[in-house]
Amino acid sequence: MPPAVSRETKPTTPADPVRPEDVDLSVRLGPLELANPVMTASGTAGLGLEMEPFYDLSVAGAIVVKTITKKPRKGNPMPRLSETPSGLLNSIGLPNKGIDAFVAKTLPRLAGKARCLVVNIAGGCSDEFAELAERLDGLPGIDALELNISCPNVEDGNLPFARDPEIVRGLVKSVVDVTDLPIITKLSPNVTDVASIAQAAKDAGAHAVSLINTVLGMSVDWRTGKPGLGTVIGGLSGPAVKPIALRMCLEVKRAVDIPIVGIGGIVSVDDALEFLTVGATAVQIGTAHYKTPDVVARVVGELRERLASAGRRSVQEQIASLKAP
Ligand code: SIN
């Protein structure tokens, strides 16, 4: 008698291996198209031009410029950096030459060098953010703006912006109203409910959110009693914050339908892929620049091979592939 269930199965053909050159690295952050998902994080790659000795800027998915403010700023008292285990504390204080110098001197040298140029801006109030956005709107070479509402190191402060959904809503709307540029809103980890802040940014018209900025922290020499930073308290970045950043990206992904740019302690292609797995569409690499200035080019260079080795045909297939309830 034949068995009730045939043991015969169709001969299986193992899935064709994916060739690295066939992997599609492109991603979209709303209207912003990126050739690959790897960006520099604001403040760690200068104005972009400083990275030219290390790699061709067009290799990066996007170059994000250090925060530009309305007026020139000198920045905070030294010391501004303090190294900690697997991390780096900073309190730089947004030093820059101001928007006039950026537009007149830097932008003409920078325009066209990156495939995508994102200018990070910060103001002391919503109107100042809007003023900066209006000034940059339509200038050749700029592809998007990132709103730094989350720097912990300025006295006149943008951290309070990032903590209050109503303030974020008003601030983002005031920017969106005056520019056609895609808007990425950079969020702080120093909040209780990051998803509610991301939701406010989305409701006001932001096209993406980037997170996390630095985690409030401090260091101290117990012998001298001296703090590691001139401002005592600053922001922690580097591998030490990666688990916090992954958790916060996941919280936003689960609650808000908006593209996420993951930031926090990425030093390798595997770190970058972890952020994509929890739902980020793109990533920014920051502190790793201080050890490996060409880290962005290295990660971009390894991405195709790494995705192909896991059978992925595109970055898109990796995004939000987390297996969790
Ligand atoms: C700084 O310039 O103090 C760092 C920038 C930031 O954390 O947003």
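Biologist: How do the residues of the shell around the ligand divide into nonpolar, polar and charged?

Modeller: This is a predicted model, and in it the shell splits into four nonpolar, five polar and one charged.

Biologist: OK, and which residues surround the ligand?

Modeller: Going along the chain, you meet Lys66 and then Asn90, Ile92, Gly93 and Leu94. After those come Asn148, Cys151, Pro152 and Asn153, and Asn213 completes the set.

Biologist: How far is the side chain of Lys66 from an oxygen atom of the ligand?

Modeller: An N or O atom in the Lys66 side chain sits 2.7 Å from a ligand oxygen.

Biologist: And what about Asn148 and Asn153?

Modeller: Asn148 places a polar side-chain atom 2.8 Å from an oxygen of the ligand. For Asn153, a polar side-chain atom is also 2.8 Å from a ligand oxygen.

Biologist: How much of the ligand's accessible area does the protein cover?

Modeller: On its own the ligand has 260 Å² of accessible area, and the protein covers 93% of that.

Biologist: Which pocket is the space taken by the ligand?

Modeller: The ligand takes up the largest pocket. That pocket holds about 670 Å³ of space.

Biologist: Which lining residues are closest to its centre?

Modeller: Ser42, Gly43, Thr44, Asn90 and Tyr290, out of 39 residues that line the largest pocket. Asn90 is also one of the residues around the ligand.

Biologist: Which elements give two or more residues to that lining?

Modeller: Three strands do: S4 (63-68), S6 (87-90) and S14 (234-237). By residue type, the lining of the largest pocket has 18 nonpolar, 18 polar and three charged.

Biologist: Switching pockets, what's the volume of the second largest one?

Modeller: About 290 Å³. Its lining includes Glu83, Thr84, Ser86, Gly87 and Leu88, along with Pro239 and Val267. Thr287, Ala288, Tyr290, Lys291 and Thr292 line the second largest pocket as well.

Biologist: Which elements give two or more residues there?

Modeller: Strand S5 (81-84) and S6. The lining of the second largest pocket divides into five nonpolar, five polar and two charged.

Biologist: Tyr290 rings a bell, where did it come up before?

Modeller: Tyr290 is among the lining residues closest to the centre of the largest pocket, and it also lines the second largest pocket.

Biologist: New topic, backbone oddities. What kind of peptide bond joins Met78 and Pro79?

Modeller: A cis one, with omega about -10°. Pro79 belongs to the loop between S4 and S5.

Biologist: And the bond from Leu211 to Ile212, cis or trans?

Modeller: The Leu211 to Ile212 bond is cis, and omega is near 15°. You'll find Ile212 in the loop connecting strand S10 (208-211) and strand S11 (215-217).

Biologist: Back to the ligand shell for a sec, what is the phi of Leu94?

Modeller: Leu94 isn't a glycine, yet its phi is positive, about 55°. Leu94 lies in the loop between S6 and helix H1 (98-110), and it is one of the residues surrounding the ligand.

Methods
Residues numbered from 1 in each chain as written. Predicted model: local features only at pLDDT ≥ 70, side-chain atom pairs only at ≥ 80, totals over all residues. Heavy atoms only, no water. Near = heavy atom within 4 Å. Polar contact = N/O pair within 3.5 Å; in protein donor to acceptor, adjacent residues only side chain to side chain. Areas by Shrake-Rupley, 256 points an atom, 1.4 Å probe, with all protein chains shown as cover. 1 Å grid on protein atoms, 1.4 Å probe; cavity = no way out; pocket = protein on both sides within 12 Å on 5 of 7 lines; lining within 4 Å. Sits in = over half its atoms within 2 Å of the grid points. Nonpolar A, V, L, I, M, F, W, Y, C, P; charged D, E, K, R; others polar. Points joined across faces, edges and corners; volume = space filled by probe spheres on them. Helix = DSSP H or I, 4+ residues; strand = E, 2+ residues; numbered from the N terminus.
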